[in-house]
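Hi there,

Here is the structure I promised to pass on. Please have a look at it first; my notes on what turned up follow below.

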Amino acid sequence: MSSLGKRRLIASVVTLAAAAVSGYGVWLAEIRLGDPATVSGATLLAATIGLFGLSARKRSKRQIGRPVAVWMQVHVYLGSFACVVFLMHIGWPVYGVFEQCLAFVFVFVSATGVALGFLSRSTPKRLAALTKDQVFEEIPALQIAIAGNAHTVALESTQHGEGATLAEFYQRRLLPYFRSRRSWAYCLVPNGILRRQLLRELNDLSRYLGVPGQVSLGQLAQAVRQKDDLDYQYALQARLQYFYAAHVSLTWSLAILVAVHVALVFRFQGTLQ
Amino acid sequence: MANASVEIERPDRWDHPLSAEMSAGVVQQLLASPPFSLMDAERFNRNAPLADILQNDTRLHRLSAGDVIFREGQYGGSAYLVLDGNIRIFLTQFIPGARPRRKWTGKALLDWWNAKRQKAKANAKSIDASDRRANRRSNSGQDERHAATAEVGYRGEGKETRMYLQDVPGVIRDNTTSQVTPGEMFGELAAISRAPREFTAVAECDCVLLEIRWQGLKLLRQDHAFKELLDERYRGELLANQLRETAQFRFISDDSMEEIVKAAKFESFGNMEWYADYRKKANKPSSEQIEEEPLIAEEGSFAVGLWIVRGGFARQSRRQGAGHRTLAYLSKGSVFGLEELAHNYRNGSESPPIPYQESLRAIGYVDAICIPKATVDCHVLPYIRRSDLPKVIEQPRYQFGQPVVDASLTQTTADVETGLLEFLVEKRLINGQRAMAIDLDRCTRCDDCVRACASTHGGTPVFERRGMQYGKWMFAQACMHCEDPVCMIGCPTGAIHRDSESGLVAINESTCIGCKGCAESCPYDNIRMVAATDGKGRAKVEQSTGLPILQATKCDFCATAASGPACQSACPHDALFRFDLSDGDEVARKMGGRAA
């Protein structure tokens, strides 16, 4: 077994063992007429605090302790453990507006976390499969340059003596494509539908064009491909960033709600006057 | 204020002389004594006259007996001229120097414990000096060069702290040494070749030395006689020492070694300032680039000798179709041609000899030693242990008078994909000792590495997450702290230099005059020029023109951080790592089997 496989196996076993011990603790509290919610709640609180460790490590200016990659691994497995304990902790249905909000935020943060875990593994491979890796911030500028080139090619095609076949198609179909940004739906699920459609329509025009027109058509097709590649890179990277932003933004709401929840618990238990 | 600036005079080459103590009187004394008195002062450039070179690029060292001038393995950019007293050059390793980082595995712990116990036993027995010597020889086992550690002490304070040997006569008696007397120069080989020191130099008695930094040495080479003297010494010295470092020469008797040294030829291929050629040829097709590389040994030609790479990198290749296929890159200490010579030696007169099966070409610049076939047959092969001998060549590709057998494209180099190997050699990335590689299959482009770099360097990152790509590997634009840092060649002030202990290439901000020499000579564009600022963050501008003063900046490998480079430790997905591309084994370990 590779070292990576071994590491994953050990971490998974430890996580499952921790979840089993927590389940046993909750069951023990239940049969001894204790308060199982307090046991699971305390465990969940400890796990949640542990989950903030990654954020703290990333923000620390001094490179203290292990690399961030190690903290990330701990975060992933601790997060999985917290999800299991969360299920032990809440009853169903969830009563009370405050508890419902808290549960919703927890589920949302967990769900975006799971999605991030999946995306952070699948997205790099899809990006690496492209010809050239572009820096996210530079993509819009590159797209503008491609649009400019396409515009020039379309204008020049009117000089070929083949009429405005290509220019008309450019104005009707390609100009909006080059000028506009892709929809949020494309960002969520990037795909090649529009690219294939435009290339097919461009190909259909070839029967009406002479040799110079064919050259221009080839250049426009190349521009369509380049723009689509950049859109694709942009969408993949943006999707990851949006999910990350969603995950992190509600993390702080979760921290506040958890703090209030703990205070309320102590208040109703009589510990906090 | 964003646009606040401070006016200063444009920094000049000699604003920061090597030593402020070099008075006009001292310089006049130096000019009156050889080798400077023999130099033709008229030959020097008006902007850098001989007297100014001595005043700004040299300094005097007054040393006491036993003072260590430099240690083997250290990096250094200075040569030393003995003015008074004697210096001892130690060809054996006897001072504890920089050691490789120990990995605390179970075996390593056991070794450490055993070594400690043996040391304690040895101390308890308090053996006398002769016993210690004998013990040293027997303990050193395979390699007698590594004698026991000498006792050292320290004198002076702060920057003036110097290491010294406590028992100079004893250490000289126990080790192989040579003497350097007044008027002679030493240490210039490492300064010229940008390589680590190959010996340890110690003051034998109270003495006075003149240190000449590389920038001054380069200017002094304008004098023809001095240049010739340096070149001759560079080509002719320390050969036996070099050979002893090669694994196959460990057990050769002293007599045979003498014969080998007599017969060996020291040869250089290519241009030491290879970066200019590299830029010109970068856009040519690969096959043309290889054809233009200086040929050291050609496949199919008679195996005339054994080649040992002494410095630089060489490409081991074979013809494949209409081009050449890279099989490996050889660096310092690597041997070429041994397989063929051993094959011919084993077969004797039973079968005709076979020629070289592969070619050897200089990548940029190569220093190599050639030992002729007759010497290898008489004085090398009989002493090589069977386990050190290469495998028998079962099916030679080239045989005299027979058609060439075409080789298959199957992978031959351990674990590294041929395409990746070709890429690393073609782009000269093999020069990088701390290159930054990003696994694009794991990198989420989160830029945490860039942010960590920026926060460590006052808000501005010193690398760019972009660069050459091969398959899933990106070699980011971060200083690679090269084995052969050509960026240092043109620096007029020595601001870009190599740390003597760690080997990291660093820029001294206070002496950088913003001449762009380093940035333009870096073949990988890993040095950038930025607007210089003062301590308060205000941009420095030139008094006369109002133009911003520039300064070179690059990755410093977070030299001051205990936890290593921030970029590497900040990557949440283990996608970024720094490693030594000049080491083929490390490349295979990190990238082998998962190249594309």
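**The sheet in chain B**

In chain B, an open sheet is built from four strands in the order S2-S11-S4-S9, with antiparallel pairing. Please keep in mind throughout that this is a predicted model. At the edges of the sheet sit strand S2 (58-63) and strand S9 (185-186) of chain B, each of which pairs on one side only. As general background, the strands of a sheet pair through backbone hydrogen bonds, either parallel or antiparallel. Strand S4 (residues 78-84) of chain B is joined to S9(B) by two bridges, again in the antiparallel sense. If you want a spot to zoom in on, try Tyr80(B), which stands opposite Phe186(B) in S9(B).

**Chain B as a whole**

Chain B contains 19 helices and 26 strands. It has 596 residues, and 38% of them count as buried. Taking the contacts in chain B between residues at least 6 apart in sequence, 76% join residues at least 24 apart.

**Where the two chains touch**

How many residues does each chain bring to the contact? Chain A gives 18 residues and chain B gives 22 residues. On the side of chain A that touches chain B, the elements that supply two or more residues are helix H3 (68-89), helix H4 (97-128) and helix H9 (211-269) of chain A. The most comes from H4(A), with six residues. Sorted by class, this side of chain A has ten nonpolar, four polar and four charged residues.

**A helix pair in chain A**

H9(A) also has a partner within its own chain. Helix H8 (residues 193-205) of chain A and H9(A) have axes that come within 10 Å and cross at roughly 180°. Angles over 145 degrees count as roughly antiparallel, so that is how H8(A) and H9(A) run relative to each other. From H8(A), the residues that take part are Arg195(A), Leu198(A), Leu199(A), Leu202(A) and Leu205(A). They meet Leu217(A), Leu220(A), Ala221(A), Val224(A), Arg225(A) and Asp228(A) in H9(A). By class, the residues of this contact of H8(A) with H9(A) are eight nonpolar, no polar and three charged.

**Backbone details to check**

Knowing your line of work, I also noted a few backbone angles.

There is a cis peptide bond between Trp92(A) and Pro93(A), with omega at about -5°. Pro93(A) is found in the loop between H3 and H4 of chain A, and both of those helices are among the elements that give residues to the side touching chain B. In chain B, Pro34(B) and Pro35(B) are likewise joined by a cis peptide bond, here with omega of about 5°. Pro35(B) belongs to the loop between helix H1 (24-31) and helix H2 (50-57) of chain B.

Next come two positive phi values. Arg445(B) is not a glycine, yet its phi is positive, at about 60°. Its place is the loop between strand S18 (435-439) and helix H16 (448-456) of chain B. Is Arg445(B) buried or exposed? The threshold for buried is 20 or more C-beta neighbours within 10 Å, and Arg445(B) has 21 inside 10 Å, so it counts as buried.

Cys558(B), also a residue other than glycine, has a positive phi near 45°. Cys558(B) lies in the loop between strand S25 (550-553) and helix H18 (566-570) of chain B. With 22 C-beta neighbours inside 10 Å, Cys558(B) counts as buried.

Happy to talk any of this through.

Best wishes

Notes:
Residues numbered from 1 in each chain as written. Chains lettered and ligands numbered in written order. Predicted model: local features only at pLDDT ≥ 70, side-chain atom pairs only at ≥ 80, totals over all residues. Contact = placed C-beta atoms within 7 Å. Nonpolar A, V, L, I, M, F, W, Y, C, P; charged D, E, K, R; others polar. Pairing = 2+ DSSP bridges. Buried ≥ 20, exposed ≤ 12 C-beta atoms within 10 Å, placed from the backbone. Axes fitted to C-alpha atoms, helices over the stretch in contact; angles between N-to-C directions. Parallel < 35°, antiparallel > 145°, perpendicular 65-115°, else oblique.
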